[in-house]
Amino acid sequence: GGGSSDAAAALLGLCDLWCIASSRVNLSGLAARLGADVPFFLHDGTALIEGIGERVTPLPALSRHWAVLLVPDVHIHRKTATLYGRLRPFHYTDGLKTRDLADSIRTGAPLDPGLLVNAFESVLTEPKPLEHTGAEDLLKKLRPGIDGVILGHGAQRATFLPQVWEELPKKEEFLGHLCRKAGLSEECWKEGGLDISVYHVE
């Protein structure tokens, strides 16, 4: 949100400079015209963002948690436009996990990592179905360190970036953790009936 936070700061700064008594709520409409996530940066702390970004509902502060940020050495030309341009209908969800996460924050419940999602994990290249005849064939076709994998069954879906192979180099372990991330049994990849696609880092 570098550019978006700068835009929000500029709006607030101009209001102060010109002595315009405009609330942050009133600025949201103008902020949304500058960028979908600019309204968020008009507010402080945790918030639920809806619509195209213009509806901001403040939430209580998160309880203290440790987080590990992974920053892969990946450079994508015109990153924002490129990644948004690759989103497809199957990347979108019904928003249930986001609503559950907001409810969890409101009640002060421990943060559930399973509720944290990021659609852009799976749009680095166009995902392609990985045709396979069974568990053994699936293991043969997966390429550790190269393939990002999307695994799904119905509405339950999950993905691992290619970089995850560094932590889970064994194919069986990789697939087992991915099944669990999707909310499925750890052995589901052996049972068939799954939609499996692969993608790569450009």
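Two strands are taken to pair if DSSP finds at least two bridges between them. In this predicted model, strand β4 (residues 148-153) and β5 meet that condition with five bridges, and their pairing is antiparallel. One pair of bridge partners joins Gly152 to Arg157, the latter in β5.

These strands belong to an open sheet of four, arranged in the order β3-β6-β4-β5 with antiparallel pairing. The edge positions are held by β3 (128-129) and β5 (156-160); each has a single partner strand, so one side of each is left without a neighbour in the sheet. In general, the strands of a sheet pair through backbone hydrogen bonds, either parallel or antiparallel.

Helix α6 (residues 171-181) packs on the sheet, where it touches β4 and β5. The direction of α6 makes about 135° with that of β5. Within α6, the residues Phe174, Leu175, Gly176, Leu178 and Cys179 are buried. The cover over the buried residues of α6 includes the strands β4 and β5, together with α5 (135-141) and α7 (188-191). After α6 comes Gly183, which has a positive phi, near 80°.

Elsewhere in the chain, Ser28 is located in helix α2 (residues 24-34). Its relative accessibility is 9%; because buried means under 20% relative accessible area, Ser28 counts as buried. When residues up to four places away in sequence are not counted, Ser28 touches Pro39, Leu42, His43 and Glu54.

Conventions
Residues are numbered from 1 along each chain as its sequence is written. This is a predicted model: local features need pLDDT of at least 70, side-chain atom pairs count only at pLDDT 80 or more; totals for chains, interfaces and linings use all residues. Side-chain values use heavy atoms; hydrogens and water are left out. Helices (H or I, at least four residues) and strands (E, at least two) are DSSP runs, numbered from the N terminus. Buried means under 20% relative accessible area, exposed over 50%, partly exposed in between (1.4 Å probe, protein chains only). Contact means heavy atoms within 4.5 Å. Axes are lines fitted to C-alpha atoms, for helices over the stretch in contact, and angles run from 0 to 180 degrees between N-to-C directions.
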